[in-house]
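Work through the exercises below with the model open. Each task is followed by a solution in steps.

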Amino acid sequence: MILYYILVPFAWILWHIGFRIRVEGRENLKKVQTKGCILAPTHVSAIDPVFIVVTRWSRRMVVFAKKELFEINGFLTWFFRCCGAVCVRGTKDEMAAIEQTVEVCKNGKTLLIFPEGTREKDGKLLPPKSGLFVIAAGAGVDVVPCRILYDTPDGKMHLFCRVRVIYGEPMPAAQFAMEGRRDTKKLRANKQALLDAWEKMGA
């Protein structure tokens, strides 16, 4: 825990040297009505999680990450784990990790999850996966849509580029309540609502 509060401010300085970061909509984070919440950003670059962590460093999060994120290099693997990253996809303990995360969200923790499941290609938003909404329903927490935008000709991450991290209006917990684990009608509506929120932030 102490290491986290040493590492993340250092990363904040390092990231602000390497990128010109601007945060928008920070006031929306104060509108969350539930004890815990879920941050749901778009996903363009492998280092996207760092941009969210350094703009929210005062509050340690649980970070859902797929196996590949832990295979970039040893330093980033160590850093992500210090920041609360949990390897979920591609592991046999996936369901246990999800159930544990539902509980920590109920108890007031913030979860960072990238709903698209993989990085965008050609600057096009990808449909959100169902996992985010299942966790939100189980935990009974608000979801804050986020957008990470790289101000480059191809929309991809380049060193020293301008980066915008945008936090949108919270989506209320009641919106995610489902009659069953696979309430397809509700899942479809919430996926579209999240896509609409992302689109609005990119306009």
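The exercises treat an enclosed space, a helix and a surface patch.

This is a predicted model, in which local features need pLDDT of at least 70, side-chain atom pairs count only at pLDDT 80 or more, and totals for chains, interfaces and linings use all residues. Residues are numbered from 1 along each chain as its sequence is written, and side-chain values use heavy atoms, with hydrogens and water left out.

**Exercise 1.** Describe the largest cavity and its lining.

Solution.
1. The search of the whole structure returns one cavity of 30 Å³ or more (on a 1 Å grid over the protein atoms alone, a set of points where a 1.4 Å probe fits but cannot get out; lining residues have an atom within 4 Å of a point).
2. The largest cavity holds about 60 Å³ of space.
3. Its lining consists of Leu7, Phe10, Ala11, Leu14, Trp15, Val50, Phe75 and Phe79.
4. Helix 1 contributes the most, five residues.
5. By class, the lining has eight nonpolar, no polar and no charged residues.

**Exercise 2.** Determine how far helix 2 is covered.

Solution.
1. Helix 2 spans residues 48-55 (helices are DSSP runs of H or I, at least four residues, numbered from the N terminus).
2. Eight of its eight residues are buried (under 20% relative accessible area, 1.4 Å probe, protein chains only).
3. Among them are Asp48 and Val50; Val50 also lines the largest cavity.

**Exercise 3.** Is Ile17 buried or exposed?

Solution.
1. Ile17 lies in helix 1, residues 2-18.
2. Ile17 counts as exposed because its relative accessibility is 58%, and exposed means over 50%.

Definitions and conventions. Helix = DSSP H or I, 4+ residues; strand = E, 2+ residues; numbered from the N terminus. 1 Å grid on protein atoms, 1.4 Å probe; cavity = no way out; pocket = protein on both sides within 12 Å on 5 of 7 lines; lining within 4 Å. Points joined across faces, edges and corners; volume = space filled by probe spheres on them. Nonpolar A, V, L, I, M, F, W, Y, C, P; charged D, E, K, R; others polar.
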